[in-house]
Amino acid sequence: MRAAGRAGRRPRLSQAELEAVAEALGKGPEAFGLDTELWTLARIAAVIEQLPGVRYHPGHVWRLLRRLGWSPQRPARRAAEPDEAEIARWREQEWPRIKGGR
């Protein structure tokens, strides 16, 4: 028996275009004039529209990212200037109270 071939619509981006998008995304959002180091689906959709000129809805961009091996991640939220004394006080006084310790 012969294989039936690909089912469904052909991809809108060729493999070469998809690799070019991946390379561009690897440079980071600042390379495209964005003010933070965070990629969002809307930002990635805008970059895809800029480079190969193909428009994707931001809700569909995650499928392309999955094909590229990317996974959703969120940056850890950390205080810009942590107060070490307050952290130590909280660990000694508040955490045992919350945890119900000794």
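## Charges along the chain

Let's start with charge: the chain carries 19 positive side chains and 13 negative ones. The centres of these two sets lie 15 Å apart.

Keep in mind as you look around that this is a predicted model. The mean pLDDT of the chain is 86, and 97% of its residues reach 70 or more.

## Helices from end to end

What kinds of elements will you meet along the chain? There are four helices and zero strands, so by that count, read from the N terminus, the order is α-α-α-α. Two of these helices mark the ends of the confidence range: H3 has the lowest confidence, with a mean of 89, while H2 has the highest, at 92.

## Overall shape and surface

How does the radius of gyration of the chain stand against that of a compact globule of 102 residues? The chain has 22 Å, whereas such a globule would have a value near 13 Å. Along its principal axes, the C-alpha trace spans about 70 × 45 × 20 Å.

Turning to the surface, the accessible area of the chain comes to about 8,800 Å². Carbon and sulfur atoms account for 50% of that area. Of the 102 residues, 18% count as buried.

## Helix H2 and its neighbours

Helix H2 covers residues 41-50, and its buried residues are Arg43, Ile44, Ala45, Val47 and Ile48. Which helices do the buried residues of H2 pack against? Their partners are helix H1 (15-26) and helix H3 (58-67).

Contacts can also be viewed across the whole chain. Among those between residues at least 6 apart in sequence, 43% join residues at least 24 apart.

## Two residues to visit

His60 is a good stop in helix H3. Is His60 buried or exposed? Its relative accessibility is 29%, and because buried means under 20% and exposed means over 50%, His60 counts as partly exposed. From His60 you can look along to Ser71, eleven residues apart from it in the chain; the C-alpha atoms of the two are separated by 14 Å.

The second stop is Ala88, in helix H4 (residues 84-99). Ala88 has a relative accessibility of 35%, so this residue also counts as partly exposed. How far apart are the C-alpha atoms of Ala88 and Phe32? They are separated by 41 Å, and the two residues are 56 residues apart along the chain.

Definitions and conventions: Residues numbered from 1 in each chain as written. Predicted model: local features only at pLDDT ≥ 70, side-chain atom pairs only at ≥ 80, totals over all residues. Heavy atoms only, no water. Helix = DSSP H or I, 4+ residues; strand = E, 2+ residues; numbered from the N terminus. Rg over C-alpha atoms; globule rule 2.2 N^0.38 Å. Buried < 20%, exposed > 50% of the residue type's maximum accessible area, 1.4 Å probe, protein only. Contact = heavy atoms within 4.5 Å. Areas by Shrake-Rupley, 256 points an atom, 1.4 Å probe, with all protein chains shown as cover. Lys, Arg positive; Asp, Glu negative; His and termini not counted. Charge placed at Lys NZ, Arg CZ, Asp CG, Glu CD. pLDDT = per-residue confidence, 0-100.
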